[in-house]
Amino acid sequence: MRISLEEAIARLRHGDVVAIPTETVYGLAADATNDTALQKIFTTKQRPADHPLIVHIADISQVHEWVTDFPEVAVKLANAFWPGALTLVLPAKSHVSRVVRGGEPTIALRVPNHPVALRLLRLSHLSVAAPSANLFTQLSPTTAAHVEASLGESIPVLDGGPCQVGIESTIVSVTASGEWQLLRPGMISEADITQVAGKPQLTTDVADKQSAPVQTPKVPGQHALHYAPRTPLSLFKSRTELMAELDALIKAGKNCAALIIGSGEQPNCPVVQLTDQPNEVAEQLYDALHRLDALKVDRLLVELPPDTPPWVAVLDRLSRAGYQAPI
Ligand code: TXA
Ligand code: MG
């Protein structure tokens, strides 16, 4: 059900959930200070309660309401990348809801770079917790129609058009002492973060060697089986390998569809072809997987992009989508 900005704000103030657009993926939003509203996110998504949520704020001046420390490194990152697809995990003030933190001592914050989301945050004077607006472990939504397909037609959606970044934000944790660590790759790369932070991330190696106890950031909610279509999905390092497997599956009487990256030989089955540009592939990725999943074939065959730094985030999402549960 599509709703207006005014209605979205009214529902959020009333303690209800609303799907909202961001530049990464659509989020299922609720007032981040209202535990009853937050619980509705978990029940709507069928998400385990120990999975913390990202709080979306209107601008950097609101950070201090949530955190005990805002170290220089985090200030630099926020100034460089907000509004944008970067989430900062920082030490939480004790009053911050345990529901939104998933029981963690930290809180995840981000200023989204989407005009509709920013207008909603500014006009409502609310901060909203919002995980991706899909059922737990399913594909993330990058259009209002994807949200309705996953959560049902009755879910209220503020339609802001297709998401421009297309995959979830980069998550960086920063400790009170200013050490940082990448928790989830996104289109803002580790190299981008390192450059602005002015120092490399704290690696587990370094942590092991230090005698003083180091606070190792946890990555709750990063399941291997995540972002997955319903159709079993196989990943291939090359088009040649994909074509060989396709031949074998067709001979065995299976219906297949393929996702290919860049030009080259066309597989003999329904195909979604993406470009060879990482930003464009990220933008199109979930929509491509949603479309292929809707074909209800026996198997999806997916060609992987090269294993190089610009593709890290796309490879991360594809490897999770391709995870096959052990039988
Ligand atoms: O782009 C995005 O980040 C989207 C849009 C809607 O903003 N949101 C999103 O939320 O991807 P979600 O719930 O699907 O992913 C949130 C993840 C958690 O699964 C967890 O890995 C991490 O953020 N996270 C949140 N709070 C954390 C915390 N306190 N410590 C460590 N990780 C945290
Ligand atoms: Mg998600």
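A salt bridge is taken here as a side-chain nitrogen of Lys or Arg within 4 Å of a carboxyl oxygen of Asp or Glu. By this criterion, in the predicted model, Arg184 is buried but has no salt bridge. The nearest side chain of opposite charge belongs to Glu168, 5.3 Å away, and because the cut-off is 4 Å, a pair at that distance does not qualify. Arg184 is part of strand 8, which covers residues 180–184. The side chain of Arg184 does reach a backbone atom, the oxygen of Ser169, at 3.0 Å.

Glu168 itself has a charged partner: a salt bridge links Glu168 to Arg317, with 2.8 Å between the closest N and O atoms. With respect to the domain assignment, the protein chain is divided into domain 1, residues 5–209, and domain 2, residues 233–321. The contact between these domains involves 17 residues of domain 1 and 14 residues of domain 2. The centres of domain 1 and domain 2, taken over C-alpha atoms, are separated by 29 Å.

The size of an interface is often expressed as the accessible area lost when the parts come together. For domain 1 and domain 2, the buried area is about 1,300 Å², and carbon and sulfur atoms give 63% of that area. On the domain 1 side, 42% of the area buried against domain 2 is supplied by Leu139, Ile167 and Met187, more than by any other three residues. As for polar interactions, 1 salt bridge is counted between domain 1 and domain 2. Across the interface of domain 1 and domain 2, 6 residue pairs are found in polar contact, both residues being at pLDDT 80 or more.

How values were computed:
Residues numbered from 1 in each chain as written. Chains lettered and ligands numbered in written order. Predicted model: local features only at pLDDT ≥ 70, side-chain atom pairs only at ≥ 80, totals over all residues. Heavy atoms only, no water. Helix = DSSP H or I, 4+ residues; strand = E, 2+ residues; numbered from the N terminus. Buried < 20%, exposed > 50% of the residue type's maximum accessible area, 1.4 Å probe, protein only. Lys, Arg positive; Asp, Glu negative; His and termini not counted. Polar contact = N/O pair within 3.5 Å; in protein donor to acceptor, adjacent residues only side chain to side chain. Domains from an automatic or database assignment. Contact = heavy atoms within 4.5 Å. Buried area = accessible area lost by both parts, 1.4 Å probe.
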